[in-house]
Amino acid sequence: MPFNKGGNRFWEVMIITEPSGNHQQITDYLIRIGIPVPFPMKHVYCYLFRMKEEIVLVDVGFPTEAAKRYWEDVLEELSIKPTDISKIILTHFHPDHTGLIGWMQERTGARVYMSDVEARMIKTVFGGNAKQAEATYELFGKHSVPEPLLTKVRENVLFLSNKVNPLPEIEIFQDTYLDSPEGRWSIKTYGGHAEGHLCFYQETQKIMLIGDVVLNKITPNISLWPNSDQNPLKSYFSTLSQLVEQDVSIAYPAHGTPIVNLAQRAKEIIEHHNERLAVILTILESNKVAYKITEQLFQHKKLTDHQWRFAIAETLAHLEYLVKEKRIQKISHGGMFRYEL
C-alpha cells in the first residue's frame, strides 16, 4: 500500500505560474478567501469575519505580487477598506500562512495575534537571523545527511526566512472564543503539523476552520524540527483522536476542498501514519540512519532540495515516535545517530 494515497503537499515540485484567487461566502458574516500561492496546492485559504463591531482576518498568505494584487481586488469587491480590519489572527507560523503579514499589517494597522508557541516559532524561524537554518543543518548532519544537501537545506531555510521579514509586533492570542453575529466560535490549539496551531469551531452550525491540521485527499506534513515539539507525531495522533470525536458538519481546510466527514478523514490519516511506521520498522532491518531510511521511503519520487528537507524531517518524526514508544532504540556514536530494532 502506498505511503500516502493522495500525496503530500510538500513533496510535489513547485510550479512557476500562479492561479488567480477566489472567494466564497460561507455564512452571512464569514468569507473564505483563496489567496494564490506558487505551489501545487494553488491556494491558501484565509478567512474574513465581518463582526458587528470589527473585521477579523485569519491568515494572510505567501508573499508574492499575485497574492498582494488579489488581496487588493477582493477587499475592493467586498467594499472593505484595509483599515476596516482591526485584528489579524495567524493560525501557525508557516510562511504560506504568515508570509504577507508585514505587508498586510502595514496596510491595515491591525493588531496581530498568534498562540504563544507559534509566536515564539515565527520569531525563531523568521526573526531575521540564521538560528533555525544553522540548527537544522546541525540536526540533519547528525543523521548522516550528506553535503552538499546539508548546505542546500540551510540555504532553503534562510531563503524562506527572508521571505517573511520584517515581522510586525505579534501579541499572544489568549482568548478562547470569537463572538460572531450568529453565535460564538470556540478557539483551540492542536499539535502535530505545528505545535500551537489555532482552529475555530462554531458549535451551533458545527463548522470548523481547521487550517492545515487535516486536509482533504493529501496529508499534512508532520515533521521534527529544532526548537519545536520533539515528538510531533505523538501530538498529531492525539489531535486526530480528538477530532474523531468532534461533532463537525463541515470542516474548511487551508488547502483544497472542504471536508464533509472529518472523523472519517482523521481515521484515514491515523491509518496512513501507522502504515508508514510499519514500513519504517521493516526498513530498519537493513538501514539504520535517518537519511538512508528517507531514501528508501521516497525512492519512488524525485525530490527537490526543498522537498528533501521535509522528507527527512518527517522521517525523523516517525523514528522519534518509535523511540519514545520504546519500539526501537536511538544510539549515539561520535555525535552521529542511528536507530536499532
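**Strands and helices in a predicted model**

Reader: In strand 10, which residue is the bridge partner of lysine 188?

Author: Happy to start there, keeping in mind that this is a predicted model. Strand 9 (residues 183-190) pairs with strand 10 in the antiparallel sense, over six bridges. Lysine 188 takes part in this pairing, and its bridge partner in strand 10 is cysteine 199.

Reader: Which residue takes a positive phi in the hairpin of strand 9 and strand 10?

Author: This hairpin has six residues between the strands. The residue with a positive phi, near 120 degrees, is glycine 192.

Reader: And on the strand 11 side, which residue is the bridge partner of tyrosine 201?

Author: Strand 10 and strand 11 (residues 207-211) run antiparallel and are joined by three bridges. They form a hairpin with four residues between them, where lysine 206 in the turn has a positive phi of about 60 degrees. Within strand 11, the bridge partner of tyrosine 201 is methionine 208.

Reader: How many residues of strand 10 are buried?

Author: Let's take the two faces in turn. On one side, His197, Cys199 and Tyr201 are buried; on the other, Leu198, Phe200 and Gln202 are buried too. Both faces are thus covered, and the count for strand 10 (residues 197-202) is six of six.

Reader: Turning to the open sheet of seven strands, which are its edge strands?

Author: The order is 1-2-3-4-5-6-7, with mixed pairing. An edge strand here pairs on one side only, and that picks out strand 1 (22-25) and strand 7 (170-172).

Reader: Which residue in strand 7 stands opposite valine 112?

Author: Strand 6 (residues 111-114) pairs with strand 7 in the parallel sense, over three bridges. Opposite valine 112 in strand 7 stands isoleucine 170.

Reader: At about what angle does helix 3 run to strand 5?

Author: Helix 3 spans residues 101-108 and lies across strand 4, strand 5 and strand 6. Its angle to strand 5 is about 160 degrees.

Reader: Is helix 8 roughly parallel or roughly perpendicular to helix 10?

Author: The axes of helix 8 (residues 262-283) and helix 10 (residues 305-324) come within 10 Å and cross at roughly 80 degrees. Angles of 65 to 115 degrees count as roughly perpendicular. The crossing therefore makes helix 8, relative to helix 10, roughly perpendicular.

Reader: How many nonpolar residues does that contact have?

Author: Helix 8 brings His273, Arg276, Leu277, Ile280 and Leu281, while helix 10 brings Glu314, His318, Leu319, Tyr321 and Leu322. By class, two are polar, two are charged, and the number of nonpolar residues is six.

Definitions and conventions
Residues are numbered from 1 along each chain as its sequence is written. This is a predicted model: local features need pLDDT of at least 70, side-chain atom pairs count only at pLDDT 80 or more; totals for chains, interfaces and linings use all residues. Side-chain values use heavy atoms; hydrogens and water are left out. Two strands pair if DSSP finds at least two bridges between them. Helices (H or I, at least four residues) and strands (E, at least two) are DSSP runs, numbered from the N terminus. Contact means heavy atoms within 4.5 Å. Axes are lines fitted to C-alpha atoms, for helices over the stretch in contact, and angles run from 0 to 180 degrees between N-to-C directions. Buried means under 20% relative accessible area, exposed over 50%, partly exposed in between (1.4 Å probe, protein chains only). Angles under 35 degrees count as roughly parallel, over 145 as roughly antiparallel, 65 to 115 as roughly perpendicular and the rest as oblique. Ala, Val, Leu, Ile, Met, Phe, Trp, Tyr, Cys and Pro count as nonpolar, Asp, Glu, Lys and Arg as charged, and the others, Gly among them, as polar.
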